[in-house]
Amino acid sequence: MSKLMTRRTLITTALGAAAGASGIAVAARLANRFGLIPPDNGGVFGIGETLTYAAQRILMSHHSLAREFSRSEISKVAPVNGDPPETEAYQSLLHSRFADWRLTVDGLVARPSSFTLEELKRLPSRTQITLHACEMGWSFVAEWTGVPLNYLLSSVGILPQARYVVLLPLDPWWESIDMADALHPQTLLAYAMNGEELSAPHGAPLRLRLPRQLGYKNVKYLSHIKVVDSVKNIGKGVGGANVEDGYAWYAGI
Ligand SMILES: Nc1nc2c(c(=O)[nH]1)N[C@H]1C(S)=C(S)[C@@H](COP(=O)(O)O)O[C@H]1N2
Ligand SMILES: [Mo]
């Protein structure tokens, strides 16, 4: 048995046993020791969330890939959930084809930066056909093209204290993800869908594509990415607008 397997087995067994036998406190302490506490660990489902997240992070390789499909499997219909912001600001950005839009990248990075859409399109891109699965039960397969978030983050330099990437859009929706997902090769900042410029309903000018998590984590209408060591001081401190409404912070699929 490899060293890694031994450690995995040990941690999961220990977490499970601790949760079963002596409850929350011990499991939480163990998970914390290995940096496996999700930001929403405090609620009613806290211990469940911690065990799900910890087990996933220990058992799966950080870079295990979501399934990719062939062109013939692309869905004919792609539903929309969450209409574009109705604000004048968004309408005027849309009208000027996002000429004045910028993606700001700041927080725990060596070189805080901002990018125009054109600049992002000139960076290395990845195209992938993956399943988008909404937590409400529907899904579709589409092709997305964009800049790998790991490329963008490396280009601005991630500081060693970085633990989460916060995704802030032009509407009140926001989410955060851990560094394992932020650096995963399939995590994209997508500006195109099915070979065409991303439409407003699907999140123009830029959206997160995170095929290893449910729909609501795939933030649309992005404008700001912030690298942080904690989400405690953002909103209610649980890591996302939807988490504040009772959804799990970690929505792995
Ligand atoms: N900014 C923002 N991002 C969002 C939403 C939203 O309302 N606003 N809806 C989310 C939900 S619940 C889903 S399922 C997907 C839907 O993406 P689609 O409209 O491209 O299908 O976007 C997610 N990202
Ligand atoms: Mo969703």
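**Figure 1. Pairing of strands S5 and S6, with Asp178 of S6 as the bridge partner of Tyr164.** In this predicted model, the two strands, S5 (residues 164–169) and S6, pair in the antiparallel sense over 4 bridges. The connection between S5 and S6 is a hairpin that runs through 5 residues. Strand S6, which comprises residues 175–178, is covered on both of its faces, with Glu175 and Ile177 buried on one side and Ser176 and Asp178 buried on the other. Asp178 is thus shown in two roles, as a buried residue of S6 and as the bridge partner of Tyr164.

**Figure 2. Surroundings of ligand 1.** The ligand is surrounded by 21 residues, and the closest of these are Pro79, Asp171, His202, Arg207 and Lys220. By residue class, the shell around ligand 1 divides into 11 nonpolar, 6 polar and 4 charged residues. Two of the contacts shown involve the protein backbone: a polar backbone atom of Pro79 is 2.7 Å from an oxygen atom of the ligand, and a polar backbone atom of Asn218 is 2.9 Å from a nitrogen atom of the ligand. A side chain also takes part, as a polar side-chain atom of Lys220 lies 2.6 Å from an oxygen atom of ligand 1. Taken alone, ligand 1 exposes 530 Å², and the protein buries 98% of that area.

**Figure 3. Helix H3, residues 46–59.** This helix has 14 residues and reaches 20 Å from its first C-alpha to its last, which is close to the 20 Å expected at 1.5 Å a residue. The buried residues in H3 include Gly46, Glu49, Thr50 and Tyr53, together with Ala54, Gln56, Arg57 and Ile58. In general, an α-helix has 3.6 residues a turn, so residues three or four places apart point the same way.

**Figure 4. Thr87 and Asp171, two residues 84 positions apart along the chain.** Thr87 lies in the loop between H3 and H4, and its relative accessible area of 39% makes this residue partly exposed. Despite the sequence separation of 84 residues, the C-alpha atoms of Thr87 and Asp171 are separated by 8.8 Å. Asp171 is also one of the closest residues to ligand 1.

**Figure 5. Backbone geometry at Phe98, Tyr221 and Pro205.** As a general background to this view, most residues other than glycine have a negative phi, and most peptide bonds are trans. Phe98, in the loop between helix H4 (88–95) and strand S1 (103–107), has a positive phi, near 65°, and is buried with a relative accessible area of 8%. Tyr221, in the loop between S9 and strand S10 (222–228), likewise has a positive phi, near 50°, and counts as buried at 1% relative accessibility. The peptide bond from Ala204 to Pro205 is cis, with omega near 5°, and Pro205 belongs to the loop between strand S8 (196–197) and strand S9 (207–209).

**Figure 6. Side-chain contact between His132 and Arg209.** His132 is placed in strand S3, which covers residues 126–133. With a relative accessible area of 6%, His132 falls under the 20% limit and is therefore buried. The side chains of His132 and Arg209 are joined by a polar contact of 3.2 Å.

Key
Residues are numbered from 1 along each chain as its sequence is written. Chains are lettered from A and ligands numbered from 1 in the order in which they are written. This is a predicted model: local features need pLDDT of at least 70, side-chain atom pairs count only at pLDDT 80 or more; totals for chains, interfaces and linings use all residues. Side-chain values use heavy atoms; hydrogens and water are left out. A residue is near a molecule or strand if one of its heavy atoms lies within 4 Å of it. A polar contact is a pair of N or O atoms within 3.5 Å; within protein, one must be able to donate a hydrogen and the other to accept it, and residues adjacent in sequence count only if both atoms are side-chain atoms. Accessible areas come from the Shrake-Rupley method with a 1.4 Å probe; for residues, only the protein chains shown count as cover. Ala, Val, Leu, Ile, Met, Phe, Trp, Tyr, Cys and Pro count as nonpolar, Asp, Glu, Lys and Arg as charged, and the others, Gly among them, as polar. Buried means under 20% relative accessible area, exposed over 50%, partly exposed in between (1.4 Å probe, protein chains only). Two strands pair if DSSP finds at least two bridges between them. The expected span of a helix is 1.5 Å times one less than its number of residues.
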